[in-house]
Amino acid sequence: MLEGIIRESISKANAKALKNDGYLIANIYGKGVANIHCAFKVNDFIKTIKTKTTLIFPVKVGSQTLEVVVQEYQKDPVTSQIIHVDLLLAQKGVVSRYKVPVKVSGTPVGLKNKGVLLLSKKRITVESAPENLPASYDIEVSKLDVGDSVLVRDLAETSQVKIIENPSVAVVGVIKAK
């Protein structure tokens with residue numbers, strides 16, 4: 001489990017001192033809950049994100065254990081290191097917006113016909129309670145030929161999970177190589 005510290009001060013000097021010590025500045029927020037200003041060791045955070053199997057993962061901040069989802073992060077434009085992360089509290093029964101990853105499986109038929117597989121959307125925005133949230137949208141692309149695509153409206157939508165994207169936008173497709 002990812003463990004972090006609560007920041008006593010939210011000043012620039014405090015944030016800079018924490019960053020120099022190898023910490024990642026983070027905010028945890030949720031509906032009806034006071035924001036929690038915290039910091040995590042950068043390497044521990046990256047390991048946790050790479051090894052998690054679901055969208056929701058637990059973090060321990062101070063004496064609290066919280067279920068969170070990565071909502072947004074900022075990277076340094078020069079070094080590409082993560083410098084700040086916003087974590088959304090996954091509160092049971094509270095409907096929120098989440099970004100669910102898209103996973104592609106199979107080899108498209110169109111690759112043999114001089115086509116290129118193009119993944120247009122890496123994440124799909126959905127509105128759901130955390131207990132109904134899918135881990136990912138798995139798309140089988142082995143039947144796609146040149147010019148074929150899978151649109152947002154082709155994805156499975158349940159009564160508990162509402163897709164917020166434009167239905168006519170392509171998620172993945174095979175285009176002709178130049």
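In this predicted model, Val126 touches residues from several stretches of the chain. Leaving aside neighbours within four places in sequence, the contacts of Val126 include Ser96, Arg97, Tyr98 and Val100. Leu133 and Tyr137 are also in contact with Val126. Val161, Lys162, Ile163 and Ile164 complete the set.

Val126 belongs to the largest nonpolar core, which has 23 residues. Val126 is among the residues with the most contacts inside this core, along with Tyr98, Ile124, Tyr137 and Ile139. Four elements give two or more residues to the core: E7, E9, strand E10 (137-140) and strand E13 (170-176). A second core of 16 residues is separate from it. Leu24, Ile28, Cys38 and Leu66 are among the members of that second core. In soluble globular proteins, nonpolar side chains tend to be buried together.

Thr125 lies in strand E9, which spans residues 123-128. Its relative accessibility is 16%. Thr125 therefore counts as buried, the cut-off being under 20%. The side chain of Thr125 makes a polar contact of 3.0 Å with the side chain of Glu165. Beyond four places in sequence, Thr125 is in contact with Arg97, Tyr98 and Lys99 on one stretch of numbering, and with Lys162, Ile163, Ile164 and Glu165 on another. Arg97, Tyr98, Lys162, Ile163 and Ile164 also appear among the contacts of Val126.

The largest pocket holds about 600 Å³ of space. Its lining comprises 21 residues. Ile49, Lys52, Leu55, Val70 and Arg123 are the closest of these to the pocket centre. Helix H2 (42-51), strand E5 (64-75) and strand E7 (96-105) each supply at least two lining residues. E5 gives the most, with five. By class, the lining of the largest pocket divides into 11 nonpolar, four polar and six charged residues.

The second largest pocket has a volume of about 160 Å³. Lys19, Tyr23, Leu24, Ile25, Val42, Ile46, Gln81, Ile82 and Ile83 line it. Leu24 is also a member of the second core. Strand E2 (23-30), H2 and strand E6 (82-89) each contribute at least two residues to this lining. The largest share comes from E2, with three residues. Seven residues of the lining of the second largest pocket are nonpolar, one is polar and one is charged. H2 thus contributes at least two residues to the lining of the largest pocket and at least two to that of the second largest pocket.

Conventions: Residues are numbered from 1 along each chain as its sequence is written. This is a predicted model: local features need pLDDT of at least 70, side-chain atom pairs count only at pLDDT 80 or more; totals for chains, interfaces and linings use all residues. Side-chain values use heavy atoms; hydrogens and water are left out. On a 1 Å grid over the protein atoms alone, a cavity is a set of points where a 1.4 Å probe fits but cannot get out, and a pocket is an open set with protein on both sides within 12 Å along at least five of seven lines; lining residues have an atom within 4 Å of a point. Grid points are joined across faces, edges and corners, and a volume is the space filled by probe spheres set on the points. Ala, Val, Leu, Ile, Met, Phe, Trp, Tyr, Cys and Pro count as nonpolar, Asp, Glu, Lys and Arg as charged, and the others, Gly among them, as polar. Buried means under 20% relative accessible area, exposed over 50%, partly exposed in between (1.4 Å probe, protein chains only). A polar contact is a pair of N or O atoms within 3.5 Å; within protein, one must be able to donate a hydrogen and the other to accept it, and residues adjacent in sequence count only if both atoms are side-chain atoms. Contact means heavy atoms within 4.5 Å. A nonpolar core is a set of buried Ala, Val, Leu, Ile, Met, Phe, Trp, Tyr and Cys residues joined through side-chain atoms within 4.5 Å.
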